[in-house]
Amino acid sequence: MKDNTSQAHMTYADSGVNIDAGNTLVDRIKPIVKTTARPGSDTDLGGFGGLFDIAKAGYNDPILVSATDGVGTKLKIAETVGKHDTIGIDLVAMCVNDLVVQGAQPLFFLDYFATGKLEVEQAEDVISGIADGCRQSGCALVGGETAEMPGMYAAGTYDLAGFTVGAVERDSILPRKNITQGDSIIGIASTGVHSNGFSLVRKVLERSGLSLDDTPKGFGNSLGETLLTPTRIYVKSCLAAIETGYIKAFAHITGGGLLENIPRVLPNELAAEINYNSWEIPLIFQWVQKNGAIDTLEMLRAFNCGIGMIAIVSDDKKEDIIRALEENGETCHVIGQITERKTDTEAVTFTNLP
C-alpha cells in the first residue's frame, strides 16, 4: 500500500478553488449591491439567504410572481470581445421583462455566476452590470452565488443564471380576459438582438468570414459591440402603461420571436395579424438574414426582429398607451390587430411579407 503521509499537505487552493479571491470579490461588490436597495429589501451580503419584507413594499393583496433565465450563448460574444460590464444587464432584463408582462413589479433579484477560475475583475464587471439592470428595473439585488468549479469551465469562461421575484395586486394580473377582435397590437422597439438566437448568429458570423472586430457597411460599431448591445429593460415604461388601466396584455418577445410569444397571451379563439411593413427591421437583423440566407418566417421565429415587447389594447385607447410608453423612453409602432383564429395552427399571421 502506498504511503501518502510524507507528502505535502494539500489545500483547497491546490484543487483550483481560491477562497480568498471569492472573499475579495464579495468585499468589492458590497457597495455596488447597496445601490440597488428598495423598500422592503435587505442588501447586506454575507448571510445564508436574502431577506425581503413584502409588508414594506406597499401591496394590499399581493400575488408573488417568479422568473428565472440566462443569457445563452451571448456569453460567447462577451468572452471573445472581452467586454463583461453589460452582460449582467441582459441577465436581469431576461427575467424582469417576463415579470412585468404579468403586471408584476420586480422586487428582488439573485444571480448565479459559475466559472472554472475566478477572475475578480471580470466577475466584478459582470455583477456591476447586474446591479445596473436591477437599478433600471427598480428591484433589489439581495444575494447570489459565485461558484468556482475547476474542470467544469475552460479558462476565461463563465455561465450566468438569474432569479427574480415580483408582486402584483390580485385584481391586476395580466393578461386580461377581455381581449377581443379589433384590439390593436403595439410593438415596442428592441435595442437589437437582445439575448436570443445567438447560436444562429454565431453560425452566420462563421459563414460570413467576418470577425467580431469587423464593422460591416452601414454599421456604426463593430459586430461585437453591436451584438453586445444590452437587452432593453421595459419594466418602468410598461408599469406606467399599466397605470392607465387600458393594458389588456403584454408579451415579451424572446426565444420563439413574434410567432411563438404572442399566442401565449391570447385566448384560443383569437389570433394576431401583424403588418410586416409597420416597422423598420434593424440593420443587424438584415445583415443576419442576408449572410445566413434565412427565410423571413424563420427570422420571425428565431429573433425579435426589432420588436422586443408587444402590448394589446382596445383600438380606441392605443394613443393613450403609446403616449405613456413614449413618455418613458420607448419607440412604438402599431403593428397589427387581433382577429378571429381561423385554424388551430395560425395564431399569428403576417401581411406584406417580402
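Okay, let's start with one pair of residues: A67 has T164 in β6 as its bridge partner. Keep in mind as we go that this is a predicted model.

So where does that bridge belong? β3 and β6 run antiparallel to each other, and their pairing covers eight bridges. Zoom out a bit and you get an open sheet of four strands, ordered β3-β6-β4-β5, with mixed pairing. The strands at the edges are β3 (62-69) and β5 (140-148); each has a single partner strand, so one side of each has no neighbour in the sheet. From one strand to the next, the twist averages 15 degrees. As a reminder, strands in a sheet pair through backbone hydrogen bonds, and they can do that parallel or antiparallel.

Right, on to the helices. The usual way to describe two packed helices is by the angle between their axes and the distance between those axes. Take α3 and α4, where α4 is residues 120-137: the axes come within 6 Å and cross at roughly 40 degrees. What do we call that arrangement of α3 and α4? With angles under 35 degrees counted as roughly parallel, α3 and α4 are therefore oblique to each other. The crossing of α3 past α4 is right-handed.

Who's actually touching whom there? On the α3 side you have I87, G88, I89, L91, V92 and V96, and they meet V126, G129, I130, D132, G133, C134, Q136 and S137 of α4. Sorted by type, the residues of that contact come out as eight nonpolar, five polar and one charged.

While we're at α3, have a look at T86, in the loop between α2 (74-81) and α3 (87-100). Is T86 buried or exposed? Its relative accessibility is 13%, so T86 counts as buried. If you skip its neighbours within four places in sequence, T86 is in contact with L228 and P230.

Second helix pair: α7, residues 235-242, and α11, residues 318-326. Their axes come within 8 Å and cross at roughly 145 degrees. This crossing is right-handed. From α7, the residues S237, C238, A240 and A241 meet I321, A324 and L325 of α11. The breakdown for this contact is six nonpolar, one polar and no charged.

Last bit, and this one's for the backbone people. Most residues that aren't glycine have a negative phi, and most peptide bonds are trans. So I went looking for exceptions. Here are three spots for you to click on.

The peptide bond going from L174 to P175 is cis, and its omega is near 0 degrees. You'll find P175 in the loop that links β6 (158-169) and β7 (184-189).

Next, C305. This residue is not a glycine, yet its phi is positive, about 55 degrees. C305 is located in the loop between α10 (296-302) and β10 (307-313). With just 3% relative accessibility, C305 counts as buried.

And then N352, also a residue other than glycine, has a positive phi near 60 degrees. N352 is in the segment after β12 (348-351). How does N352 fare on accessibility? The value is 44%, so N352 counts as partly exposed, whereas C305 counts as buried.

Okay, that's my tour. Pull up the structure and poke around.

Definitions and conventions. Residues are numbered from 1 along each chain as its sequence is written. This is a predicted model: local features need pLDDT of at least 70, side-chain atom pairs count only at pLDDT 80 or more; totals for chains, interfaces and linings use all residues. Side-chain values use heavy atoms; hydrogens and water are left out. Helices (H or I, at least four residues) and strands (E, at least two) are DSSP runs, numbered from the N terminus. Buried means under 20% relative accessible area, exposed over 50%, partly exposed in between (1.4 Å probe, protein chains only). Two strands pair if DSSP finds at least two bridges between them. Axes are lines fitted to C-alpha atoms, for helices over the stretch in contact, and angles run from 0 to 180 degrees between N-to-C directions. Contact means heavy atoms within 4.5 Å. Angles under 35 degrees count as roughly parallel, over 145 as roughly antiparallel, 65 to 115 as roughly perpendicular and the rest as oblique. A crossing is left-handed if the near helix is turned anticlockwise from the far one by less than a right angle, and right-handed if clockwise. Ala, Val, Leu, Ile, Met, Phe, Trp, Tyr, Cys and Pro count as nonpolar, Asp, Glu, Lys and Arg as charged, and the others, Gly among them, as polar.
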